[in-house]
Amino acid sequence: MAKRKQRKAATEQEVENHDEATVAAEAGPENDGHTAHAAEEAAAAEEGVEREGGGEGGAEGEEGPDAAARGGEEGKEEEEREVSFDELGLDEQLKRALRKKGLDKATPIQREAIPLILEGKDVVAKAKTGSGKTFAYLLPMLHELLKLSAEGRIRKSAPNVFILVPTRELCQQVHNEASSLLEFCTSKLKVVQVNASMSDKDIKVALSGPPNILVTTPACVASCISKGIIRGSSIKESLSMMILDEADLLLSYRCEDDIKALVPHIPRSCQSILMSATSSADIEKLTKLLLHNPFILTLTEVGHAKDDLIPKNVQQFWISCDAKDKMLYILVLLKLELIQKKVLIFVNSIDSAFKLRLFLEKFGIRSSVLNAELPQNSRLHIIQAFNARLFDYLIATDDSKSKEERQANKGNKKDSRVSRKQLQQTLDAEFGVVRGIDFKNVFTVVNYDMPPDPAGYIHRVGRTGRANKTGASISLVSPKENGIFEDIENMLKDVENRDTSCISPFPLLTKNAVESLRYRAQDVARSVTTRDIKEARRQDIKNEILNSEKLKAHFDENPRDLDLLKHDKLLSNKEIPAHLRDVPEYLIDPTTKEASNVVKLSRAAMDIDKPRRRKRMGFKGGSGRSSDPLKTFSAEGKSRRRGRKERDGEQDRRKRKKVES
Ligand SMILES: Nc1ncnc2c1ncn2[C@@H]1O[C@H](COP(=O)(O)OP(=O)(O)OP(=O)(O)O)[C@@H](O)[C@H]1O
C-alpha cells in the first residue's frame, strides 16, 4: 500500500516540470499505463524533453490513468515542495545518520530514484556530477536490507548486494559512505570493499561471513569468481541487488569482459541499478546486458536543456595562451590570487605535474601531486587531507595518459610475468583521479592541459560545484588545443541548444599582470630540469611508500588524524629567494590589485577559511552572485564593468522580485 502511494507521487512528478529538475521517466513496450504515458509524453513535449522508450510495466498500469488525470494541479504543488528524507519513508536508523551529516532534504535525483528503487524496479538514473547519486542508491538499498534483516529473510551464502565502481578510490569512497549510513543501525549489516591490490588471502578474509554488501570493481569480482573465491551458485542464491555506479565510466575502464563474465551468475530476480553522469552508447550497452525493462530517469535543472552537462552553479572560463606560457599563466592566477581556493589543477602527465609542482614551489606556492604511481593509501590520504583543507592546491594527473599506459600494460599483462609486476609497480590500473571522486569544497578546477575528449572535460569540471555549491573552471588553451576546445564548446552548445559559447574568456586577467611576472617565470621554468623532475618524482614515491606503511598502521587506529603526514612538503631543500616568494608591489598593476582584492574579499564574505563555523552547509548553501567576483568584476576597464554591474544589478533585482512575488 505504502509502495503504491509512493509510486503515485513519483508518477505525478514524472509528468511535471520540477522546481529544480525535469525528470524523464520512460515506459516501455510492456507498459500498460498508456494514458499516464500519453500525459507524460504531452508534458514532456511541452518541456522539450525527449522520450526514448524502454521501461517497466505493472505498477504504471495500475497508477497511470489516475496520475494522468491529476497531472496538473496536484503535481504542481508537489513540484514546488522540497522532499525530506522523512517523506521518503526511509528507515529511522538511516535518517538518524543523515541528520548527523546535516542532511534532511533529498536532492532531485534522490527524490526521484529512491521511491522507484524501494519498489524493486530496475532503474537507470542519469544526473549530473555532484548531484547526490551515491545516496540515491545507497539509502533505498540499505533500507531494503535492514527490512530483510529485521524479518530474518537475509540469504547468506554470498553477498546480497554488489556495488560495482570503476576505480578503487571509488570503492573506498562508496564503502565509507555506506558504513557512515549504517552508524546507528542495530542489526549489523556488513559492508566490505575489495580490490585488485589485495592478496587473495586478504580478499578471502574480507569475504568470509559473507558480507551483506560488497563494493568492488568488475575486474576484481570477475577474478574472485574465476578463482572460486566467490561461487557462482552462491551468487545465484543470495544476490538481490546489483548497482553499477559511474556506469558511463565502467566500460571505458575496459570492464566489459569482466561484467559479461558476471552476467550468467546473476539471478533473474536480482534488481539492477545503473547510475551515470552522462549518456553514452556504453550506458545503452550495459542497460541491455543487465537490466530488465528499466525505469530511466534523466534529471536536469529547470530552465536548462535536458542534457545540460555542467551544473549551472559552475562558471566556465578559458584563457588563450601559448603552451610554453602555461606555467606563467598559472603562476599569475595563483600568486596574484585571481582565483578562489581550493584549486584542483589537471595535467595530462606525471612529469608535467612534477614540473609544475617544482616550479610553483620556487615561488613559495606549495602543492601536492595525485597520480597513478602512488600507493593507494597515500592517494586516499592525499584526497582526505585536501578535502580537510590541509592544503589548497592539488595537481592531479588525469586518466588520459595513464589510460594509454594502462592499455599497453593490459596487453603486456598476458605476455609475461615481468609486465604484470611492472604493472603493479608503476601505474595502478584501477586508479582514477577525476572520475566520481567527491572532492569537497573545490572552488576552482583548472585545466592546465586540456583533456583528451569532451567527456573528460565534463568529469573534470564536475569536481567543483558539487552539492550545488558555487564553483568555477578555467581552461588554459594553447593553439594546439584549439581543436579539442572547439569540440567541447560545440558539445556544450549542442546539448544546451545555444548559439553562443558556454565558456567565457576569463575576466580578471590583464596583459600587464602576465607581463609583470614573465621574466621571473621564464627564468624559474628554465631552472627546473628534466633531472629535477625525475628526482622529485622518485623522491615523492619514496616518501609516499614510507607514508603508506605508516598510514596503514596509524589510520587503522586513528582514522581522523589527517595532520600526521604532509603531502605538500617541499621537494627541494633550497631556500626560496625573497624576490620570488613575495611579488613586489610595484610589479602589480592597479587593475590586478583590485581584482585580487575583490577575490580576497569575496573569499572572506563566503567564509571559505572558516569551514567549522559553517557546520550545516545545506544543499542550497554556497555563495550568491553578489559575492562572486567572477560575476561582478571585470579587468577589462571601467565602462564595461559598469555595464556588467548594471546588468548584474538588474538580474539581482529580477531575482529579488521573483522571491518577493
Ligand atoms: N541530500 C543531500 N543534501 C546535501 N548534500 C548532499 C545530499 N546528498 C548528497 N550530498 C552531498 O553531495 C556531494 C555529491 O554527492 P555524490 O558524490 O553522491 O554525487 P554524484 O552525483 O555521485 O557525483 P559524480 O557523478 O561526480 O560521482 C557529496 O558531498 C554528498 O555528501
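This section describes the surroundings of the ligand, one enclosed helix and two helix pairs in a predicted model.

The ligand is surrounded by 20 residues, of which T129, G132, K133, T134 and A467 are the closest. When these surroundings are sorted by class, nine residues of the shell are polar, seven are nonpolar and four are charged. Helix 7, which spans residues 133-150, supplies three residues, and this is the largest share of the shell. Residues of the shell are given both by domain 1 (2-299) and by domain 2 (314-403 + 423-605), and the ligand therefore lies between the two domains.

Helix 20, formed by residues 454-461, is largely enclosed by the rest of the structure, because six of its eight residues are buried. The buried positions in helix 20 are G456, Y457, I458, H459, R460 and V461.

Two helix pairs were examined for their packing geometry. In one pair, helix 8 (residues 168-181) and helix 17 (residues 376-387) have axes that come within 11 Å and that cross at roughly 60°. Since angles from 65 to 115 degrees count as roughly perpendicular and those under 35 degrees as roughly parallel, helix 8 and helix 17 are therefore oblique to each other. The crossing in which helix 8 passes helix 17 is right-handed. In the other pair, the axes of helix 15 (residues 326-335) and helix 22 (residues 511-527) lie 9 Å apart, and the two helices pack at an angle of about 120°. That angle makes helix 15 oblique to helix 22, and helix 15 passes helix 22 in a right-handed crossing.

Conventions. Residues numbered from 1 in each chain as written. Predicted model: local features only at pLDDT ≥ 70, side-chain atom pairs only at ≥ 80, totals over all residues. Near = placed C-beta within 6 Å. Helix = DSSP H or I, 4+ residues; strand = E, 2+ residues; numbered from the N terminus. Nonpolar A, V, L, I, M, F, W, Y, C, P; charged D, E, K, R; others polar. Domains from an automatic or database assignment. Buried ≥ 20, exposed ≤ 12 C-beta atoms within 10 Å, placed from the backbone. Axes fitted to C-alpha atoms, helices over the stretch in contact; angles between N-to-C directions. Parallel < 35°, antiparallel > 145°, perpendicular 65-115°, else oblique. Left-handed = near helix turned anticlockwise from the far one by under 90°.
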